[in-house]
Amino acid sequence: MTRLAAAVLVIACVISAIGVVYARHQHRELYVQLTRLERERDELNIEFGRLQLEQATWAESNRIDQVARTRLGMKFPAAGEIVVVQP
């Protein structure tokens, strides 16, 4: 009976050790994945900041006025060219 109990305890100990090794392996894999995702998040935040800055630059009224004048040939109408339409 003691031999059977000892064998059961040894088997339980081996199974427990295998479970600990598996859990640590899973923990390491998940930690690597977490680190990778945090790095990707940080890179995306940096890119988002750059894009916001670029959008603010492109949306400045000076930039819009410059593009309207140079590329589209637009200009402010003279006083005589303005027509007021009344209902």
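Q: How many helices and strands does the protein have?
A: Helices (H or I, at least four residues) and strands (E, at least two) are DSSP runs, numbered from the N terminus. By that rule the protein has zero strands and two helices.

Q: What kind of model is this, and how are its residues numbered?
A: This is a predicted model, in which local features need pLDDT of at least 70, side-chain atom pairs count only at pLDDT 80 or more, and totals for chains, interfaces and linings use all residues. Side-chain values use heavy atoms, with hydrogens and water left out, and residues are numbered along each chain as its sequence is written, from 1.

Q: What is the radius of gyration of the protein?
A: The radius of gyration is taken over C-alpha atoms, and the globule rule is 2.2 Å times the number of residues to the power 0.38. For 87 residues that rule gives 12 Å. The protein is well over this, so it is more spread out than a compact globule; its radius of gyration is 35 Å.

Q: What does the C-alpha trace span along its principal axes?
A: Three spans describe the C-alpha trace of the protein. They are about 115 × 30 × 15 Å.

Q: Which percentage of the residues is buried?
A: Buried means under 20% relative accessible area, exposed over 50%, and partly exposed in between (1.4 Å probe, protein chains only). Of the 87 residues in the protein, the buried share is 1%.

Q: What share of the exposed area do carbon and sulfur atoms supply?
A: Accessible areas come from the Shrake-Rupley method with a 1.4 Å probe; for residues, only the protein chains shown count as cover. The protein exposes about 8600 Å². Carbon and sulfur atoms supply 65% of that.

Q: Which residues form a nonpolar patch on the surface?
A: Patches are made of residues with over 30% relative accessible area and no salt bridge; like charges are joined within 9 Å, nonpolar side chains (Val, Leu, Ile, Met, Phe, Trp, Tyr) within 5 Å. Val 10 is found in helix H1 (residues 2-58) and is exposed, with a relative accessible area of 52%. The patch has about 280 Å² of accessible area together, and its members are Val 10, Val 14 and Ile 18.

Q: How many salt bridges are found in the whole structure?
A: A salt bridge is a side-chain nitrogen of Lys or Arg within 4 Å of a carboxyl oxygen of Asp or Glu. One of them joins Asp 42 and Arg 41 at 3.1 Å, N to O. A search of the whole structure gives a count of three.

Q: Which residue meets Arg 69 in a salt bridge?
A: The N to O distance in this bridge is 3.2 Å. The two residues are four apart in helix H2 (residues 61-70), so about one helical turn separates them. Arg 69 is partly exposed at 39%. Its partner is Asp 65.

Q: Is Lys 75, which forms a salt bridge with Glu 81, buried or exposed?
A: The closest N and O atoms of Lys 75 and Glu 81 are 3.6 Å apart. Glu 81 is partly exposed, at 48% relative accessible area. Lys 75 has a relative accessible area of 58%, so it counts as exposed.

Q: How far apart in space are Glu 40 and Phe 76?
A: Glu 40 lies in helix H1. Glu 40 and Phe 76 are 36 residues apart in sequence. C-alpha to C-alpha, their separation in space is 47 Å.
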